[in-house]
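The following exercises concern helix packing and the relation between chain copies. Each task is followed by a worked solution.

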Amino acid sequence: MRRIGIVDTTFSRVNMGSIAIDELKSTGTGYIIERSTVPGVKDLPVACKKMMEEKDCDIVMALGMPGPKDIDKVCAHEASTGLIAVQIKTNKHIIEVFVHMDEAKDEKELAWLTERRVREHAVNTYDLLFRPERLVKQAGTGQRQGFEDTGAVDGGNTGGH
Amino acid sequence: MRRIGIVDTTFSRVNMGSIAIDELKSTGTGYIIERSTVPGVKDLPVACKKMMEEKDCDIVMALGMPGPKDIDKVCAHEASTGLIAVQIKTNKHIIEVFVHMDEAKDEKELAWLTERRVREHAVNTYDLLFRPERLVKQAGTGQRQGFEDTGAVDGGNTGGH
Amino acid sequence: MRRIGIVDTTFSRVNMGSIAIDELKSTGTGYIIERSTVPGVKDLPVACKKMMEEKDCDIVMALGMPGPKDIDKVCAHEASTGLIAVQIKTNKHIIEVFVHMDEAKDEKELAWLTERRVREHAVNTYDLLFRPERLVKQAGTGQRQGFEDTGAVDGGNTGGH
Amino acid sequence: MRRIGIVDTTFSRVNMGSIAIDELKSTGTGYIIERSTVPGVKDLPVACKKMMEEKDCDIVMALGMPGPKDIDKVCAHEASTGLIAVQIKTNKHIIEVFVHMDEAKDEKELAWLTERRVREHAVNTYDLLFRPERLVKQAGTGQRQGFEDTGAVDGGNTGGH
Amino acid sequence: MRRIGIVDTTFSRVNMGSIAIDELKSTGTGYIIERSTVPGVKDLPVACKKMMEEKDCDIVMALGMPGPKDIDKVCAHEASTGLIAVQIKTNKHIIEVFVHMDEAKDEKELAWLTERRVREHAVNTYDLLFRPERLVKQAGTGQRQGFEDTGAVDGGNTGGH
């Protein structure tokens, strides 16, 4: 039995953790979920590290919704830097799912975008843990989470593998 | 008995450490407080680490008031990066409470905003240590510390948990 | 037998991993290739570290295609910082091959540029592992990967080695 | 007997190390001074770490004068990030005293500002090592080093400690 | 016998490594030189660490010539951050010698500036290793590498050492 950690924030305006758990359940089995919630994105790195080391998780989803101001962008950058540091220290993946509030034109789109991005990254999380070969098959295909995929610019005619 | 560290600065124009201690005392019991003060926000990371490792604190509040200039923003960013690094090294939370001087329109609002933000984060600190399930219940509800909460954009109708 | 890791992304619009493998095969022998694919560039650092420590790779190519927006530039910076951290921790080189989408004027040029840059850096990867003296001979010669080399400004008349 | 490290640069236009030593001597006793000088601010982090680990210093002053250009600001940021990293690794304070050349309107003010800032931070250094309770008493009082203090915005009427 | 590492890049348009070696030879004896070359500045940190740990170098010169574009500035920043991290991990100095292509007005000045800066930093490297007291004597004298020194603003009349 593997363990997937889900960490989200009270700052977010959408319950990202619950969406992630819902999508994981639709995607497959073989894992137990551990969940925690922290105030904001800058609290995510240590919370994810605790998931790895105190809850024995094999992978963690770090879910956050940075605000639209310059200072919020800086906070998101600090959080992302910390999340990468945790991964390097633990040799385990953290799938960062951040939705910046100014990516959406209104609250309705924000809710829609957040749900789509969380769901698509929940599948990536499952794939990294249980079926990594699915990701290799999608290499270079312009996948996006939330908005539409962009596709490949030159489909497969250059490689030799 | 748990230990909560409180570290603030002489640079700040409000006695943030005393407000934090006052709010913690109103919130609950079961902990001892350790306090120290450093010159500025860039001195906070090591002071928090010493709280963890030399004073045996379980969690620390890092309280600071960065100035309004570009160089102050850079200092705050360096401090935040360091605070995240300390958390990752110790597997313990540091609740960063920074009030940027240019968030408030005058000195009166600055005092008001600082007190509110410190008090709300003191409760977050208590919750992380003693009742983390309270934070999970607030996931995705748009909590803010200081100014008004923004609320959820799509209250609870998407999740499955 | 040495091991070369190839890690690319599903976000990229060109199958960079397959091009890298194709070029390595034309360049020389004496190595085994390990390949994995992750969602985006921020997932590359830990994936490269796992290549080093779990797949016993001696060197890794980290292949990614950051998008054109400000947030994409920040992601690329975070990824690069993490890739350098992994190298420092492992004492092994990671050749970062990033093609920023706004480096090319259209999709055709993007495909062309990506293929050239990946191929030229595949040779650098091979050289670092098997024939580092080739790189010393190119010191200060203005090598570029993808677009044209710029050349030396003052060819060889100042040194004493 | 405690040890205080003093590290400054040849890039600075004021002999900051000598001012720091002079002020420390006026402030108190009970310590030995170790001094070294490096080319620029980016050389300070490792020099401070060597002071800690090879000269057994308990605290270090890192003295520098970054230039006025954009690239100088980036260098100062890199240096500060490194100084925080050293503190976190050693659990010892480094008091960073940087005077940016463009903080002063002319050479005369630059010399005046540098001397004041170095002297005030020398006292902070002494306080952190020998009388930390003095800093707690100054918490939230708007202390500045060099230019005038700004003072508290709401003197003492909110705290409960 | 001490060991000095010299690492430069194929991206640079001047053979910086050969100039450094030439200047070191004119400056003094008592050391062996180890040299390697990497593609670009982001490859320097691990190459310098390998010099320290695999070639037993006591100090390393990291020589690079970042390009003039925004992305090149970011690469230089990432490289510098990594070089500082390596120094902190090894307790040994790395003298970073970067010449930004846009510091010079034409190719002729670029060659001149590069040669001067490399030579002056080669002497700093030698001094740090063999005669650090020379640097202390230059503290606060406004030394520059390449362009003219700026000098002290207030020559020696404030210090007490």
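**Exercise 1.** In the predicted model, determine the handedness of the crossing of helix 2 of chain A and helix 3 of chain A, and characterise their packing.

*Solution.* The crossing of these two helices of chain A is right-handed. For the geometry, take helix 2 of chain A as residues 44-54 and helix 3 of chain A as residues 70-90. Their axes are 8 Å apart, and the packing angle is about 20°. Angles under 35 degrees count as roughly parallel; helix 2 and helix 3 of chain A are therefore roughly parallel to each other. Finally, identify the residues in contact. Helix 2 of chain A contributes A:Leu44, A:Pro45, A:Cys48, A:Lys49 and A:Met52. Helix 3 of chain A contributes A:Ala79, A:Gly82, A:Leu83, A:Ala85, A:Val86 and A:Thr90.

**Exercise 2.** Compare the span of helix 3 of chain D with the expected value, and establish how far this helix is enclosed by the rest of the structure.

*Solution.* Helix 3 of chain D covers residues 70-90, which is 21 residues. At 1.5 Å a residue, a span of 30 Å is expected. From first C-alpha to last, the helix reaches 31 Å, close to that expectation. Next, consider burial: a residue is buried if 20 or more other C-beta atoms lie within 10 Å of its own. Of the 21 residues of helix 3 of chain D, 15 are buried, so the helix is largely enclosed by the rest of the structure. Just after the helix, D:Asn91 takes a positive phi of about 55°.

**Exercise 3.** Which rotation superposes chain B on chain D, and what symmetry relation follows?

*Solution.* The operation is a rotation of 72° with 0.0 Å of shift along its axis, and the superposition has an RMSD of 0.0 Å. The two copies are thus related as by a five-fold rotation axis. They use different surfaces, since 3% of the contact residues of chain B recur in chain D.

**Exercise 4.** Describe the contact of chain C with chain A, by residues and by elements.

*Solution.* Chain C supplies 38 residues to the contact and chain A supplies 30 residues. On the side of chain C, the elements giving two or more residues are helix 1 (16-27), strand 2 (31-38), helix 2 (44-54), helix 3 (70-90) and helix 4 (107-130). Helix 3 of chain C provides the largest share of that side, eight residues. Only 3% of the interface residues of chain C are also interface residues in chain A, so the copies meet through different surfaces.

Technical notes
Residues are numbered from 1 along each chain as its sequence is written. Chains are lettered from A and ligands numbered from 1 in the order in which they are written. This is a predicted model: local features need pLDDT of at least 70, side-chain atom pairs count only at pLDDT 80 or more; totals for chains, interfaces and linings use all residues. Copies are superposed by least squares on the C-alpha atoms of residues with pLDDT of at least 70 in both. Two residues are in contact if their C-beta atoms, placed from the backbone, lie within 7 Å. Helices (H or I, at least four residues) and strands (E, at least two) are DSSP runs, numbered from the N terminus. The expected span of a helix is 1.5 Å times one less than its number of residues. A residue is buried if 20 or more other C-beta atoms lie within 10 Å of its own, exposed if 12 or fewer, and partly exposed in between; C-beta atoms are placed from the backbone. Axes are lines fitted to C-alpha atoms, for helices over the stretch in contact, and angles run from 0 to 180 degrees between N-to-C directions. Angles under 35 degrees count as roughly parallel, over 145 as roughly antiparallel, 65 to 115 as roughly perpendicular and the rest as oblique. A crossing is left-handed if the near helix is turned anticlockwise from the far one by less than a right angle, and right-handed if clockwise.
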